[in-house]
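Me: I should like to go through the reasoning behind several descriptions of this structure. Please set each value against its criterion.

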Amino acid sequence: MYAFEEPGSPPQFCEEYNLTVTVNGRLYQRRIPVRMLLSDFLRHELHLTGTHVGCEHGVCGCCTVLLNGEAVRSCLLLAVQVDNMALTTIEGLAGSAEELHPIQRAFQEKHALQCGFCTPGFIMSIHAFLHEHPDPDERQIRQGLAGNLCRCTGYQNIVEAVKLAAHYLRSSQSQGEEA
């Protein structure tokens, strides 16, 4: 980020930036270091620790969040890059603490997690995937999951959870259309 003191003068580098971002429907304004990663901003500034940091190279998918509805790796973005945008983290996926999102419910019902470290990233990735592929076959699901790593499961229950989540989401949409 550069700040110009007067026209024609060389740019002066700024070490901090005034960030404005909507996270889980809530507007935040913070002065942050320009080199702060989005994952660090979420975890350390906003205390949203559901966004996990695994590899810090964008390979494992643990840090996946939704940026304007698209799945992104928060460990690969600087927080300043999301200025004036909308983010959804795992904490904001369900409408309330009492009711799980259909994807979360499917993961629970199909026992699609063990240690749970990778689960938020999977769920956020699947959310974006099912938006694009509402009725995926198993090959598409496995392809859609390829960007997320789990060291505990054999992925079969995760695949089954995605199938169930897709069913739940289609059912809720058709019920919403009928109402």
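Me: In what kind of crossing does H3 pass H4, left-handed or right-handed?

Reply: In this predicted model, the crossing in which H3 passes H4 is right-handed.

Me: Why are H3 and H4 called oblique to each other?

Reply: Helix H3 covers residues 119-132 and helix H4 covers residues 138-145. They pack at an angle of about 130°, and their axes are 10 Å apart. Angles over 145 degrees count as roughly antiparallel and 65 to 115 as roughly perpendicular, the rest being oblique once those under 35 are set aside as roughly parallel. The angle of about 130° falls in none of the named ranges, and H3 and H4 are therefore oblique.

Me: Which residues meet between H3 and H4?

Reply: From H3, Phe122, Ile126 and Phe129 take part, and they meet Gln140, Ile141, Gly144 and Leu145 of H4. The residues of this contact comprise 5 nonpolar and 2 polar, with no charged residue. Gly counts as polar here.

Me: What makes Arg105 a charge that sits over the ring of Tyr168?

Reply: The charged end of Arg105 is 3.9 Å from the centre of the Tyr168 ring. The distance criterion is within 6 Å of the ring centre, and a position within 35 degrees of the ring normal is also required. Arg105 is accordingly listed as sitting over that ring.

Me: How many aromatic pairs does a search of the whole structure find?

Reply: The search finds 1 aromatic pair.

Me: What elements make up the chain, from the N terminus on?

Reply: The chain has 5 helices and 7 strands, in the order β-β-β-β-α-β-β-β-α-α-α-α.

How values were computed: Residues are numbered from 1 along each chain as its sequence is written. This is a predicted model: local features need pLDDT of at least 70, side-chain atom pairs count only at pLDDT 80 or more; totals for chains, interfaces and linings use all residues. Side-chain values use heavy atoms; hydrogens and water are left out. Axes are lines fitted to C-alpha atoms, for helices over the stretch in contact, and angles run from 0 to 180 degrees between N-to-C directions. Helices (H or I, at least four residues) and strands (E, at least two) are DSSP runs, numbered from the N terminus. A crossing is left-handed if the near helix is turned anticlockwise from the far one by less than a right angle, and right-handed if clockwise. Contact means heavy atoms within 4.5 Å. Rings of Phe, Tyr and Trp (its six-membered ring) pair if their centres lie within 6.5 Å; planes under 30 degrees apart count as stacked, over 60 as edge-to-face and the rest as tilted.
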